[in-house]
Amino acid sequence: MERKCKHRQSYCFSVSLKCQVHLLCVCVCAFCFVCFFFRCRIWVENCRRADLEAKTSDQLNKHYRLCAKHFDPAMVCKTSPYRTVLKDTAIPTIFDLTSHLKNSHTRHRKRIKELTEEDLRKIKERRLASSIEQLVSKKDAAVDDSGNANEGEPQLSTEEKEFRDYLRSLFEVVVMLGKQSIPLAGDKASEAEHKSNNFQALLDYRMNAGDEALRKRFEATAINTEYLSATQQGQLLDVCENTVREEMLMEVRESRFFSLVTGDLVEYANEKHLPLFLRFVNQQNVLREEFLDFLPFDGDESALVERLEAQLTDRWGLSMEDCRGQAHKATGASTIKMKAVAVLLMEKYPLLLHMPCSHMALNIHLANSLPFPNVQIIMETLRRIGAFFTTPFTQDELEKAISTHYQKNEEKGTVLKQACGSGWTEQHNVFDVLLDMLAPLVLCMDSIRDNDDGKFADVVTTDAYSITETLADFEIVVTIVILKNVLTFTRAFGRNLQGETLDVFCAANSLTAVLHSLNEVNDNIDVYHEFWYEEAVSLATGMEIPVKVPRLFLRKQRAGEVGEIQAEVYFKEYVTIPVIRGIMQEVEDMFSETNLKALKCLSLVPAIMGQMKFNTTEENYADVYRNDLPNPDTLPAELHCWRIKWKHRGKEVRLPTTIHETLQLPDVKFFPNVNSFLKVLSTLPVLKLEDHQGDVASQRLQAYLDSMTAKQWNRSLAMLNINTHVKHDLDVMVDKYCRLYPEDDPETEAESEEVAEEDVMK
């Protein structure tokens, strides 16, 4: 029997024991049985209440309820905070038919109808019919929607569809050329051959493979005739390049903050160009550094700055106010110009911090920044040595020379062989290795130049002779010794800068000690120079290099009728003092007070907080990026909560060690200021990319340049090759081409032909 209660109509009349609660006493919505006979019967059947089958639809509607727990949540609509209704097609389907059996006091309170096979068959048939009706209605709705959508889209003619298929095939060929580093023209193509022979050959291949779109377009073309003019090829390449670039720029705009990184100069089409890279954190909180374009390098510093601003703002739609860092990987004569560019940019945008690039060792960056000819000759020679030993058999000759020179000290020879492996000319200790290897290196070059067994080409022997002549000069030997000794004070500092986040934070706090050491050397330069000069003389004597003042200086001295100068005094005044002071000035410029404040904010990373015993003071340095935060007024309270969160974490919780790990935490979004702060810090060029980003864009650019000769370089194909990971949407390329070059459209061509015929008739 049902429980007698004056609020009987407010109970849920399902079988479930869990619904034996008075609905007026809990926050559960109750719904009347529907009046419609057919649907009301389905409700009763699903309830499995045999005692309700005899009641009419009106009786059920007035006196009986079912709570919202028995309906799919998708069937319940909350029209307002105070009103909840069911959809018209709602049917109760969620019931627990066993819970009442566990309680002897309630076992007979609600009587369950035992379904016969006939009942089960009818229910299945009814549900099947209902499912078919719903499926048909959905198909009809989909057809209607597609019809409405097609009505809004322009209908393409047969000629237009064929033209778009033709363009798609062309873009597929262009994208493949870029991805596979295939130049448009062969390396040894004569003037009589087609300049676009590779492109032409691929089009022929596709047509022979059954590409109907290309075959219909070119079937009437004469043999040995170019399918596409140079102008049309240029248009295709431009569209591909701009489409890929726009995909990356969309991510940069979404992330807002970015940093600018430039690479070493690239010369093609008889002009020097500056590679541009942008570093940013994408929507997945992953740090990216992507190649965007080449910028012409002509003009003075002011012209280059204006061109750079126009590129980023006018063409790319970015804001220089959102640029938070800059790094310039310059070498040779371009170093001075790029330093001036960095200064001009910082004058206009104070937060555009000038920092070293994470791809280059700090000591190499410092040496490159010195504008002295002897230093620049050494840096250029190092780059030539690095390229020279990629030639077959040259590395074997070097190891033989090391074994010969250090035959009385095999242990040092073994260490040196390991140190001069691939990429040693780009390491932090490059000048230490170069000095230890100077004698074996000259011995190796002499052996290659002699070429007794004839296994080296003339180009290799010529390079060996040139490198030997450069190294066997006392001025170069002295400069290497001085660079090695001066940069010893910055070697550990630079290695930390390229290390983990904790290492970078420690480096920022150790700069004072580095500057103190350099100042101490500068104050006692006479003593230090004496030791360094003796080291250089000893090395030169062992290599039979004459100790003398450079010939060019002596000639200028005689022309000016100036008294003779001693070699030791000359190298002190013209090498040692300029080098030590130049290094000190560059370190102070690259790590200004603002730069150090930014790097000290890395204490936001939980692992660094733990290392500092959670006694960090980010608030003292946060003013640098205060305007970049969503709620700067709440920053102190938020930082306090951030420290407390990690200080009182569970023992099993590991502290994130990098910015990337911290940004990947699901609850970092509850700290909006910290989240924004970390994203801005992550874009600083001095911080290294994560392990999975080891193959950076600058390396992919260099790989493309090394894969072919300078005459075959193409900026658009370079963009495609370097950014193969970026989505290449061929349909977008086709749409953009049709929009930019409507004169190629078949309808436009037909109209122009009609106009021409009318003119002829007139």
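Begin by selecting the hairpin formed by strand 7 and strand 8, where five residues lie between the strands and where asparagine 285 takes a positive phi near 60°. Keep in mind throughout the tour that this is a predicted model.

Now widen the selection to residues 271-281, which make up strand 7, and follow how this strand pairs with strand 8 in the antiparallel sense over nine bridges. To see one particular pairing, pick leucine 274 and look across to strand 8, where its bridge partner is leucine 295. If you then select strand 8 alone, residues 287-296, you will find a strand that is mostly covered, with nine of its 10 residues buried.

Next, move along the chain to helix 19, residues 501-523, and helix 20, residues 525-542, whose axes come within 5 Å and cross at roughly 85°. An angle from 65 to 115 degrees counts as roughly perpendicular, and helix 19 and helix 20 are therefore roughly perpendicular to each other. To display their contact, select Glu520, Val521, Asn522 and Asp523 in helix 19 together with Ile525, Tyr528 and Trp532 in helix 20. Coloured by type, the residues of this contact between helix 19 and helix 20 divide into four nonpolar, one polar and two charged.

Finally, select proline 550, which sits in the loop between helix 20 and helix 21. Is proline 550 buried or exposed? Its relative accessibility is 13%, and because buried means under 20%, proline 550 counts as buried. Leaving aside residues up to four places away in sequence, proline 550 touches Glu475, Tyr570 and Phe571. As a last step, add phenylalanine 474, which is 76 residues away from proline 550 along the chain, although their C-alpha atoms are separated by 8.1 Å.

Terms used. Residues numbered from 1 in each chain as written. Predicted model: local features only at pLDDT ≥ 70, side-chain atom pairs only at ≥ 80, totals over all residues. Heavy atoms only, no water. Axes fitted to C-alpha atoms, helices over the stretch in contact; angles between N-to-C directions. Helix = DSSP H or I, 4+ residues; strand = E, 2+ residues; numbered from the N terminus. Parallel < 35°, antiparallel > 145°, perpendicular 65-115°, else oblique. Contact = heavy atoms within 4.5 Å. Nonpolar A, V, L, I, M, F, W, Y, C, P; charged D, E, K, R; others polar. Buried < 20%, exposed > 50% of the residue type's maximum accessible area, 1.4 Å probe, protein only. Pairing = 2+ DSSP bridges.
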